[in-house]
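Work through the short exercises below with the sequence and structure at hand. Try each task before reading its solution.

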Amino acid sequence: MDNEGGGVGFDQFVAERLDRLLRYATAIACDKHLAQDIVQDVLIRAQNKWDRIGAMDAPYLYVKRMVTNDYLSWRRRKAAREVAVERGELAKHVPSMADPADAHAEREAMRARIAVLPRKQRAALVLRFYEDCSDAEIAQVLGCTESTVRSQLSRALQTLRAHELARSATLGVHS
Amino acid sequence: MNDLIRSAIAAEAEERVDSRTVLAELHKAKKRRKPLGLIIGVASLTAAAAAAAVIIPTAVKKTDASPATNPPATVTAQNVLLLGLDSYGFTDTIVYARFETDGSVSAVSLPRDVWTGGAGGQKINHLFQEDPAKLTDAVEKMTGTKVDHYAAVKMSELGKVADAVGGVEICLTAPAKDQFSGVDLPAGRSTVKGEQALAFLRQRYGLRNGDLDRIKRHQAFLTALAAKITKENALPVAREIGRTIHVDQGWDVLEFAQRFRGPVKIRTATLPVGPEEITSTGAGFVVDQAQAKQFVEKQFGGGAPAEPGCVS
């Protein structure tokens, strides 16, 4: 079957991108099961209108936008809050339990702090630091302006830095 | 701090579920989508037939419709425009069909060379490309009925649709050979698919009544195609059609699909038109509105299925 405009078939798209989509969704949702639900729902919807999506210049970007919107939507809010509460509890314990010299512990502490950021800030952060997106691409995925992207990112980084400093202070470490 | 953020996010992402479990779920979801596939298949088939123009008004006998099954309360009879688009986006075939709640279909082909608004006016086959609403408005005015929905497919896809059902049987009263369409078929019964199916649907030169004869071919093809749709091939057919089908927004296809429970029977007829008239803008047909309204009302009202039989 001809795919006009060099479009990619749905099955091929899934074969090539499914794992990456799952990683992305897991990173923003901080819950692999919630991420799985979202990716499944989105792909089923995407399949129904694949003739349009497949013909686009960047189908992956579009599907990523669907995944992000789905996660940020009101119907996922409750699930996301439960994850955040759970991770928030975890975050309180990580510093005291861990040896600060241990890179693994550092990382786990950061992970817990990222997990309790507001959802949209975390999505912007993942798009920048995991998907290596430009401000313009992040704006497209989040459906907002580039200046909103920059403010979301800087607020997220401020929060993380404040936590980092507080934590270093309590542990007597200078970073 | 950036590297720490990077590695923290990567660790989080690493937790994702196995993609094979998601693939399995997607596969299950595909299977559940059958009704939708069936409806799109039926709609597209009908659109193929869209050419339908039975010039000879079939004697339509009104019979008491006996409700064989009780369809779900939400299903209502709907009037749908089934459109076959040529490569320029013009509606090469226009079939106006009424889908009853029991899944039966009465269809009226509207010849593409009909002028809307009198001789020399705009041809009906140009309206959809300008704005789908212009076509639905014109059809509503001409027939005195309400158009509920429309579905459009590219005519060029119909060869693949014929492939998907393993070929469609047609019958010719004389051999057909024409260099423009590339058709080359013997008299009598043949099973057409792929390019030959397309050529059969496309041939206009060499037919005594031009497009009106072609409309009969479209009707014969549509009826034979609809009869070949089964639960098993509905999905492949829908997949072919689904690549190019275009339906109006807000059409609840799932609700629509509920009426189909078995092979689809289609009664076809062609809207009666006046003699061909030549004007400075080309040749076309004038439609008498009062006659058109009466004809559509009668055809949609029910009657015995007309056998398309052999076509020229």
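**Cysteines, a sheet and a helix**

At 18% relative accessibility, Cys144(A) counts as buried. The model is predicted.

**Exercise 1.** Decide whether Cys30(A), Cys171(B) and Cys310(B) are buried or partly exposed.

Solution. Take the cut-off: buried means under 20% relative accessible area, and exposed means over 50%. Cys30(A) has 5%, so Cys30(A) is buried. Cys171(B) has 8%, so Cys171(B) is buried too. Cys310(B) has 39%, so Cys310(B) is partly exposed.

**Exercise 2.** Find the disulfide and give its handedness.

Solution. Count over all chains: there is one disulfide. Its partners are Cys171(B) and Cys310(B), with an S to S distance of 1.9 Å. Next, place them in the chain. Cys171(B) sits in strand β7 of chain B, and Cys310(B) in the segment after α11 of chain B. They are 139 residues apart. Last, take the torsion about the S-S bond: it is about 70°, so the disulfide is right-handed.

**Exercise 3.** Lay out the open six-stranded sheet of chain B and name its edge strands.

Solution. Write the order: β11-β6-β1-β2-β3-β12, with mixed pairing. The ends are β11 (246-247) and β12 (266-270) of chain B, each pairing on one side only. Now look inside. Strands β1 and β6 of chain B run parallel over six bridges. One partnership is Val80(B) with His149(B) of β6(B). Then add the helices. Helix α5 of chain B crosses β1, β2 and β6 at about 125° to β1(B). Helix α8 of chain B lies across β2, β3 and β12, at about 175° to β12(B).

Methods. Residues are numbered from 1 along each chain as its sequence is written. Chains are lettered from A and ligands numbered from 1 in the order in which they are written. This is a predicted model: local features need pLDDT of at least 70, side-chain atom pairs count only at pLDDT 80 or more; totals for chains, interfaces and linings use all residues. Side-chain values use heavy atoms; hydrogens and water are left out. Two strands pair if DSSP finds at least two bridges between them. Helices (H or I, at least four residues) and strands (E, at least two) are DSSP runs, numbered from the N terminus. Contact means heavy atoms within 4.5 Å. Axes are lines fitted to C-alpha atoms, for helices over the stretch in contact, and angles run from 0 to 180 degrees between N-to-C directions. A disulfide is a pair of cysteine sulfur atoms within 2.5 Å. Buried means under 20% relative accessible area, exposed over 50%, partly exposed in between (1.4 Å probe, protein chains only).
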